[in-house]
Structure formats: structure tokens, C-alpha cells
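Q: I have a structure open and would like to talk it through before going back to the bench. Could you walk me through it?

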Amino acid sequence: MTVPHLFMCPISLDLIKDPVTLCTGQTYDRSSIEKWLAAGNLTCPVTMQKLQDPSMIPNNTLRHLIDQWLQIGPQFDPFYLSKMDYLASLKKILESGEASLESKCQTLQKIQALTEESQSGNSCLLQLGFLPLLLELLFGKVESKLSEECVKFAGQTLSCVLRLLSLGEYECLNMLKEESKLQSFQVLFDQGTSKIKGSLCQIIEAISSSSKTRELCAKLGKNSKLLKGLIHLVHQTYGASDSGIEAISALCCLESNRENLVQEGGINGLLTYIYDAQGHERNLAPLAMATIELLLGLESAKEALINNPNGIKALIKMVFRVSDHQGSESAIRSLMIICTDSFQAREEAIGAGVLTQLLLLLQSQCSGRTKTKARTLLKLLGSKWDEQPKHL
């Protein structure tokens, strides 16, 4: 019985008995790869990439398939096997150092079509180690100046990566802890299209959502250039600004990231997004508002908001919106935080029409909890109005 190519160890060319996968996404028979590493080799035998992490992960899915094949032999589903062989051939093209960028782009188009067909197709791609391979192609080596062809390749690769990440396999993103790969990420963010920037923001969201990538999330939060890039993105008037808001909000999951975001101008960026929301199709103003509320736990954030010429006005805009009441409660809570200790903020809020906005909100169909918060803010403003400021 001929051994399917998929079940053969790339080193011994024999049937894999104990399949294990390296960080490069390549699968080998455990005994063969252990001998390779014991001989002092520090690279992946197939890709020749340096192994940043030499650990081996058991590939239980492939083991199960091999066991099934051994048990039922010729009755093994030939369609499934041919599909896996087809995917293996696509993977070989992407791994090849001789294949042209154009050839790899065509291969990525085929992979992208497979990822859009079904979740089972995505599972097959994960089983064959496509995700770490695609990430390596994306961030392994990026020129300081991207050509049009490289940008196209990066866009297609990112599309495939995001499809596979939707299955929750976030741990392989830890490759970005390597400084060179993080620099490649930054180059793509700086020089990529609006769509590429949006896709990279989605990767930041994925990193921020998993406990397995928490250390990487903290590393991103210390990257001044990246934070400035995200905040600059928020100032744009096109769709990528929404992606910037989502990425900034996601990074705020770590308290250590919040101070850095404020220092890089995060409050001003979020306020600008909210203040300009009416003039553009910006649907994430409530999320921007909730992020501001979270950041206001920092004294530096309060100071940044008060010093922003449109800071209080932006909050008041969110108190009552004719279209919906999302963000109203966060806006009210934020105003309470600011106005409790600042006479200047109370005076500015009243002068900017907060009382009218609160009264309109109380007459609307918003939730009872939001109305309670509105009444509390009205009382605060009323009781503090005649007080002299503690600090001018």
C-alpha cells in the first residue's frame, strides 16, 4: 500500500509514527526531528528557517488520520485525502525559495478561496500548519521600502491569516515578540494600504483578546511608534479609522498600556473621532466614548481631556444623540469624573449646553439606568455651580 505524501516524514521519507509540529508549521516524525536537533542543527529541515522555539507540539489530528488510514486502507476517503494532498502542494509552493512572488500570489488566491468555502477547509489548513507559515511569509522579512507587488502579496496573506485566526489559534502570533518581526509589522503598518492597516488592527485585537498573547500585548503597548500610528489612523476620515478605534480599545485591556496611550495622544485622538463623528460615517463613537471613560481612571487622561479645546464638547455630544443612545451612559459617567473635581470643567460643560442635553435625554426612550445617571449629573452640576473653584 503506497504511503500518501501527506503521511510521510520529510526527513526519513517513511510513514510518520509519532507526528510532531515545529514552530514553523512543519510536521515530522518525532524520532527523525529529534535526531536532527541532537546533531546540532538549529533550523527547520524543510524551510531552513532558524528555530526560535525548538519545542515540538504533538499533531494529534494527523496521528488520527494516519491511524484511520492504517485501519481501513483502500477504503479511506480518497476525496479527503486528495484534498489534503492538494493543500500540501499549495504549501510547498509557498515554502519554495525558487517560486516567484507572482506564483505565490496566485497560490494565495486559491487558499483564500478555500478559506471562504467552509470552516472545515480552514481546519484542514490549520492542521497542515498554514497559519505559522503565512505569518512567517508576512513578517519574516520585509524590505524597508515596499514595492507594489509586495503590498499586494501582504494584503492577500493578511486576508488568509485573518480567516484562520477566526478559529482562535492566537498563540502563533507570539512570533511578533521577535524584534525583527515586530519591525516588519511596523513597516507594513506604515506603508500598507488602508485595507492592510485595518487588517493589522484586527491582528492587534486578536493579540489583546487572548491570555496566551498577553506578554505580546504588553510589548505592543510599549511601542511608541505603533501607538502613534494607531492614533494617527483614528484622525483619518476613511474606514480605517474605525479599525484604529477597535485596536486602541483592545490594547486598553492592560492597565500598563493605558498610560502609554494617553502619553502618545490617545485621548485627543478619541475626542477628535467623537467630535467629527457627525460629519462622517463613524459608527464606533460609543466604543471611543467607553474607551475614554476607561482611560479617565488616570490623572493624565483627565488633564488631557480638560486641556483639549473640544474635550468637554465632545462628551456633551455623546450625552444625547437623536439616532441612538449608545454611549450616553459612558459620556455621563465621564462628565461626572471630570466635573466632580474641576470647576473649570463644570463651567465649560454648562456653557456648552450640557443641561439641555441631559433634559432631552430624560425625555427620551433611553434606559432607566441611563436616566438615573443623568439625574445624578444634574444634581452634581446644580450643587457645585455656586462653589468657588479650589484651583484656578
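A: What follows goes from the whole chain to a few single helices and residues.

Q: What kind of model is this, and how many helices and strands are there in the chain?

A: This is a predicted model, and its chain holds 21 helices and 3 strands.

Q: Is the chain spread out or compact?

A: The radius of gyration is 27 Å, well over the 21 Å that the globule rule gives for 392 residues, so the chain is more spread out than a compact globule. Taken along the principal axes, the C-alpha atoms fill a box of roughly 90 × 40 × 35 Å.

Q: And how much of the chain counts as buried?

A: Of the 392 residues, 49% count as buried, while the area that the chain exposes comes to about 19,100 Å², with carbon and sulfur atoms supplying 50% of it. Among contacts with a separation of 6 or more, 68% are between residues 24 or more positions apart.

Q: What about charges, how many positive and negative side chains are there?

A: There are 39 positive and 41 negative side chains, and the centres of the two sets lie 3 Å apart.

Q: Let's zoom in on α11, which residues are buried there?

A: Helix α11 runs over residues 224–234, and its buried residues are Leu226, Leu227, Gly229, Leu230, Ile231, Leu233 and Val234. As background, an α-helix has 3.6 residues a turn, so residues three or four places apart point the same way.

Q: What covers the buried residues of α11?

A: The cover includes α8 (179–191), α9 (194–209) and α10 (214–221), and also α12 (240–251), α13 (255–263) and α14 (266–275).

Q: Which residue caps the N-terminal end of that helix, α11?

A: That is Asn223, which has a side-chain oxygen 3.2 Å from the backbone nitrogen of Lys225.

Q: Changing topic, where is Met318, and is Met318 buried or exposed?

A: Met318 sits in helix α17, which spans residues 311–319, and Met318 is buried because its relative accessible area is 2%, where the cut-off for burial is under 20%.

Q: So what is Met318 in contact with, leaving aside neighbours within four places in sequence?

A: With those neighbours set aside, Met318 is in contact with Ile274, Ala285, Pro286, Met289, Gln326, Gly327, Ser328 and Ala331. The C-alpha atoms of Met318 and Ile332, which are 14 residues apart along the chain, are separated by 8.4 Å.

Q: Ala285 is in that list, so where does Ala285 lie and what is it in contact with?

A: Ala285 lies in helix α15, residues 285–295, and is buried with a relative accessible area of 0%. Beyond neighbours within four places in sequence, Ala285 is in contact with Tyr273, Ile274, Ala277, Met318 and Arg321.

Q: Over to Gln156, is that one buried or exposed?

A: Gln156, in helix α7 (residues 148–165), counts as buried at 10% relative accessibility. Not counting residues up to four places away in sequence, Gln156 touches Cys105, Leu108, Gln109 and Gln112.

Q: Last thing, what is phi of Leu13 and of Met48?

A: Phi of Leu13 is near 60°, a positive value in a residue other than glycine, and Met48, not a glycine either, has a positive phi of about 60°. For context, most residues other than glycine have a negative phi.

Q: Where are those two, Leu13 and Met48, found?

A: Leu13 is in the segment before β1 (19–21) and counts as exposed at 55% relative accessibility, whereas Met48 is in the loop between α1 (30–38) and β3 (57–58).

Notes: Residues numbered from 1 in each chain as written. Predicted model: local features only at pLDDT ≥ 70, side-chain atom pairs only at ≥ 80, totals over all residues. Heavy atoms only, no water. Buried < 20%, exposed > 50% of the residue type's maximum accessible area, 1.4 Å probe, protein only. Helix = DSSP H or I, 4+ residues; strand = E, 2+ residues; numbered from the N terminus. Contact = heavy atoms within 4.5 Å. Polar contact = N/O pair within 3.5 Å; in protein donor to acceptor, adjacent residues only side chain to side chain. Rg over C-alpha atoms; globule rule 2.2 N^0.38 Å. Areas by Shrake-Rupley, 256 points an atom, 1.4 Å probe, with all protein chains shown as cover. Lys, Arg positive; Asp, Glu negative; His and termini not counted. Charge placed at Lys NZ, Arg CZ, Asp CG, Glu CD.
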